[in-house]
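Good morning, and thank you for coming. I would ask you to look at the sequence and the structure as they appear, and then to follow me through some of their parts.

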Amino acid sequence: MKKQSYKKLFNVALTTTLAAGAVVAVAPQAQAAISFKDVKETNSHYENIMNLAERGIIRGYEDGTFRPGDSIKRGNAAHIIAEIIGLDTTNVKNPNFKDISTKNSNYGAIAALANAGIINGFEDGTYRANDMLTRGQMAKIIDNAFKLASNGEALPFTDVQNSQYKEHIAALYANNVTTGKTPTFFDAKSNVTRAQLSSFVVRAEKAAATPAPGTPTVEEGVFTVGSVVGNTVKIGNEDFEVSTELAAVFNADNAAALQDSVVTLVVEYAPETVASTTPVFAKGKGKIVGIKTLKLVKDNTSFNPKGFKIAKIEAAAKSLTLVNVKADNLEVPANSAVTISGGEIANLVVADDAAVTLNNTAVTTLEVKGDGKITIGEGTTLTTVVLEKGKTLADVITNYEAVKSQLANVKVVESDGTVVTPPVTPPVTPPVGGGDGGSNPPVITEKQKQDYIKDLNSTLNSLKVDGVNSIVSDGSTVTITTSPSINKSQLAKVSSDVISKFTGLGTTAVLDSVSIGGKDYTENDPIDLDAIALRLAIALGLEEEAGDVLDLGANDPIWDALTGDAYDGTISLNFKDRTSTPVKIILTK
């Protein structure tokens, strides 16, 4: 699978290179067809030379020649290989070869290859860019660059049995990149010509893009589920296994809801089960390893994927219950009636004449169209609500009067982006001495709030967390400055530690809860590192990048998955007197 992942990245790089080549081809100086005076169609390397020339990866000389028989220098070879695998040759770290200055014309390519671990130079710390590239050195560099794998077949070359390049030559031989100078002689010490290198890299490129024997075929398609029995899904007349991870979705408990559902699935096949001329699912023995979209159509059913995230869900049924659903997008079409409990939804769209009940569900953006109706249950939070022009929350929320205090911090906008002023509710003046034990909130003095803020600042400013250079709080803004190498687990710990300080300093006295990314936290809530980190990411405006962050390993640098150098957003301190104070959170490196 590691090899397959590399190939995906390689194909992206190849596409970029092809695009760059196309630009070169239409430049003013290249309007005529590319040709070289000394490269005839009868040359055995002709097609490979022209392949690279037309893509702008290699160029000839000013006199119109290519000089295919000339030996190629190590510096020029580095340029060609870095170009063909799509390495960034501009933003590089200096590998500090003694003989390669940053002014060297091939510095960027040499540095990029060294940064990628493809080359390492000589023991004396030099690279020797002007030396000619030998066939043995070529084998090592190409093997490292294209991640070729040997099949263990014995080499026929009698002259490389004790060569330091034997394993690399074996990888090239196994992938048909080289056949040797003769069937039994490789000649690792001789120089590589410009024509030979052209063929070597084109063959290696093709080999890297071809699945290795035994590599599963992965295909994606849109299909209708016939039935689910245990963890087996029947589609048409074929049964498909389900990966361990997707057993949360495809199981007996969800069988009724999944019947006749329309799904976009990612299926992995053993190589022998799929022929190039047959459609996906034409043969059996496939395993479902991914689900991208799901349309549920069965009335009076319940679906519980146990928190497994599905990118897009369409709930097109009546009396449908969704439990523990996580989705980037969830759509409820016209005339559907859905209850959602324990959900986390980035974008929820409710169509005209659809009805949705939300219980203990966090929705980042809710869009209600036409006469769509929402009922807000206990524990539900909304961050932004998008309404048609002229509509208010009271028009679309069936129990608005009962839950309007829950909606005090909701941002309401019209579909054209105009911010709507929510209905104003006159504040309730509590009796002196505190609450009445029922509907009226207790009295919280301004001094009590300021004392809480003062304690909070002191606590946060002295907080020490691995991966964080500093935390600075002044009550209205908390700036978290991390090291550039902070990893995912450290960031999650930062999130939970900071939030626990907010809630732990006075939830029993003056503070009721802290609202983060559409969810309220109190000191009695269990600390879930990933959940709090995700909520903070949503509050910081990282919805689109949050998925990339969650896909990182625990020890992977967090900033590698982010496009900016700083993010900010607002959370809310909710006091027991039903007033709230916004606090800006800044995450920077």
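Among contacts in the chain between residues at least 6 apart in sequence, what percentage join residues at least 24 apart? The figure is 52%. Please keep in mind throughout that this is a predicted model.

Let me continue with the chain as a whole. It has 14 helices and 24 strands. There are 589 residues in the chain, and buried residues make up 44% of them. The accessible surface comes to about 29,100 Å², and carbon and sulfur atoms account for 50% of that surface.

I turn now to the helices, beginning with helix H4, which covers residues 107-115. Is H4 largely enclosed or largely open? Of its 9 residues, 8 are buried, so the helix is largely enclosed by the rest of the structure. The buried residues are Tyr107, Gly108, Ala109, Ile110, Ala111, Ala112, Leu113 and Ala114. What do they pack against? Their partner is helix H3, residues 74-84. Just after H4 comes Gly117, which has a positive phi of about 75°.

Next, please find helix H5, residues 135-146, and helix H6, residues 166-174. Their axes come within 8 Å and cross at roughly 65°. The crossing of H5 past H6 is left-handed. On the H5 side, the residues that meet H6 are Met138, Ala139, Lys140, Ile142, Asp143 and Asn144. On the H6 side, they meet Glu167, His168, Ile169, Ala171 and Leu172. It helps here to recall that an α-helix has 3.6 residues a turn, so residues three or four places apart point the same way.

One further helix deserves a stop. Glu205 lies in helix H7, residues 194-208. Is Glu205 buried or exposed? Its relative accessibility is 7%, and buried means under 20%, so Glu205 counts as buried. The side chain of Glu205 makes a polar contact of 2.7 Å with the side chain of Arg55.

For contrast, consider a loop. Lys464 is found between helix H11, residues 446-461, and strand E19, residues 468-473. Exposed means over 50% relative accessible area, and Lys464 has 74%, so Lys464 is exposed. Lys464 and Val494 are 30 residues apart in sequence, and their C-alpha atoms are 9.1 Å apart in space.

Finally, let us examine the strands. Strand E5 spans residues 262-269, and 6 of its 8 residues are buried, so E5 is largely enclosed by the rest of the structure. How many bridges join E5 to strand E6, residues 286-296? There are 8, and the two strands run antiparallel. Within this pair, Val266 stands opposite Gly290 in E6.

Elsewhere there is an open sheet of 5 strands with parallel pairing, in the order E7-E9-E11-E13-E15. Which strands form the edges? They are E7, residues 302-303, and E15, residues 373-376, each of which pairs on one side only. E15 pairs with strand E13, residues 355-359, in the parallel sense over 4 bridges. There, Leu358 stands opposite Ile376 in E15. As a general point for reading such sheets, the side chains of a regular strand alternate between the two faces of the sheet.

To close, I return to two residues: Glu205 counts as buried, whereas Lys464 is exposed. Thank you for your attention.

Conventions. Residues are numbered from 1 along each chain as its sequence is written. This is a predicted model: local features need pLDDT of at least 70, side-chain atom pairs count only at pLDDT 80 or more; totals for chains, interfaces and linings use all residues. Side-chain values use heavy atoms; hydrogens and water are left out. Buried means under 20% relative accessible area, exposed over 50%, partly exposed in between (1.4 Å probe, protein chains only). Contact means heavy atoms within 4.5 Å. Accessible areas come from the Shrake-Rupley method with a 1.4 Å probe; for residues, only the protein chains shown count as cover. Two strands pair if DSSP finds at least two bridges between them. A polar contact is a pair of N or O atoms within 3.5 Å; within protein, one must be able to donate a hydrogen and the other to accept it, and residues adjacent in sequence count only if both atoms are side-chain atoms. Axes are lines fitted to C-alpha atoms, for helices over the stretch in contact, and angles run from 0 to 180 degrees between N-to-C directions. A crossing is left-handed if the near helix is turned anticlockwise from the far one by less than a right angle, and right-handed if clockwise.
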